[in-house]
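Hi everyone, thanks for making room for me this morning. Please have a look at the picture while I talk, and stop me if a word is unfamiliar.

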Amino acid sequence: MENVTIMDHPLIRHKITRLRDKSTGTWEFRKLVEEIAALMGYEAFRDLPTEEIQVETPLETCHSPVIFGKKLAVVPILRAGLGMVEGILTLVPSAKVGHIGLYREPDTHEPTEYYCKLPDSIDERLVTVVDPMLATGGSASAAIRFIKERGGKKIKFLCIIAAPEGLERLHNDHPDVQIYCGQLDRELDKNAYILPGLGDAGDRIFGTR
Ligand code: PRP
Ligand code: URA
């Protein structure tokens, strides 16, 4: 699928295995989500444009590249996406952070928006939407639609685990969005949980039930 990247780095795969393990506790789970986000961001930002600037080393003046132009925004889908923000910010500390609050209706699994606050000039920014789980794809698709309605144009989406159903839906709804998945899992269960998955990401990050 064009615009879809499934990560194959052994470090990411190793850390996802630790996430899946039900005996991994909240502190370690949170740390792993942050680390995986940073490793995925490293790959997802590979195509950031650079420009050469002049810099004086202790020995001489040279030209050397810096990230060019585009202002960055990171937008976690609440709650679980919050766990990925610090990982991305370690790579791009000057990025602005927006928030989109969605929850899935327990019966229909359809997303309902309860909060949205985005950085200004969203149309000029590269917007990286983060959420560890892409299950039916409803939340990610809606979040990206809200960002586009508010002017967002250049959007990437990072998730740690995707179900085939969600990946297909997101790609069909937003073929222009570059999607990065840490791992593609088998299927959804009848409650729209990912199998084998890792359970409820929000609960495991925040220690709730
Ligand atoms: C989870 C997850 C995604 C969504 C994925 O959030 O973090 O946002 O489900 O499911 P979907 O692809 O079927 O929409 P949840 O709604 O459980 O909220 P939470 O993060 O507050 O726990
Ligand atoms: N949200 C989660 O947190 N986990 C799933 O498996 C599906 C949706």
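I'll go through the two ligands, then a helix, then a few single residues.

First, the ground rules. This is a predicted model, where local features need pLDDT of at least 70, side-chain atom pairs count only at pLDDT 80 or more, and totals for chains, interfaces and linings use all residues. Residues are numbered from 1 along each chain as its sequence is written, chains are lettered from A and ligands numbered from 1 in the order in which they are written, and side-chain values use heavy atoms, with hydrogens and water left out.

Let's start with ligand 1. There are 15 residues around ligand 1, and those that come nearest are Arg104, Asp131, Thr136, Gly137 and Ser139. Here a residue is near a molecule or strand if one of its heavy atoms lies within 4 Å of it. Strand S6 (99–104), strand S9 and helix H4 (138–149) each give at least two residues to that shell. Those labels are DSSP runs numbered from the N terminus: helices are H or I with at least four residues, strands are E with at least two.

Which atoms come into polar contact with ligand 1? The side chain of Ser139 has an N or O atom 2.5 Å from an oxygen atom of ligand 1. A backbone N or O atom of Ala135 is 2.8 Å from an oxygen atom of the ligand, and a polar backbone atom of Ala80 is 3.1 Å from an oxygen atom of ligand 1. A polar contact is a pair of N or O atoms within 3.5 Å; within protein, one must be able to donate a hydrogen and the other to accept it, and residues adjacent in sequence count only if both atoms are side-chain atoms. On its own, ligand 1 exposes 500 Å², and the protein buries 89% of that. These accessible areas come from the Shrake-Rupley method with a 1.4 Å probe, and for residues only the protein chains shown count as cover.

Now ligand 2. Around ligand 2 you will find Arg104, Met133, Ala135, Ala192, Tyr193, Ile194, Gly199, Asp200 and Ala201. Backbone N or O atoms do the touching here: one of Ile194 lies 2.8 Å from an oxygen atom of ligand 2, one of Gly199 lies 2.8 Å from a nitrogen atom of the ligand, and one of Ala201 lies 2.8 Å from an oxygen atom. The protein covers 89% of the 230 Å² of accessible area that ligand 2 has alone.

Back to Asp131, which we met beside ligand 1. Asp131 is in the loop between strand S8 (125–130) and strand S9 (133–134). Is Asp131 buried or exposed? At 10% relative accessibility, Asp131 is buried. Buried means under 20% relative accessible area, exposed over 50%, and partly exposed in between (1.4 Å probe, protein chains only). Asp131 and Leu82 are 49 residues apart in sequence, yet their C-alpha atoms are 7.7 Å apart in space.

Leu82 also opens our helix, since H3 covers residues 82–91. Its buried residues are Gly83, Met84, Val85, Gly87, Ile88 and Leu89. Among the elements covering them are helix H2 (26–44), strand S4 (71–78) and strand S10 (154–162).Next, two more buried residues. His174 lies in the loop between helix H5 (164–173) and strand S11 (178–184), and is buried at a relative accessible area of 6%. A polar atom of the His174 side chain is 3.0 Å from the backbone oxygen of Ser141. Gly101, found in strand S6, is buried too, with a relative accessible area of 0%.

Last, some backbone oddities. Most residues other than glycine have a negative phi, and most peptide bonds are trans. The bond from Leu78 to Arg79 is cis, with omega near -5 degrees, and a cis peptide bond also joins Leu195 and Pro196, where omega is about -5 degrees. His109 has a positive phi, near 65 degrees, and sits in the loop between S6 and strand S7 (111–117). Ser121 has a positive phi of about 50 degrees; at 26% relative accessibility, Ser121 counts as partly exposed.

That's my tour, and I'm happy to take questions.

Key:
Contact means heavy atoms within 4.5 Å.
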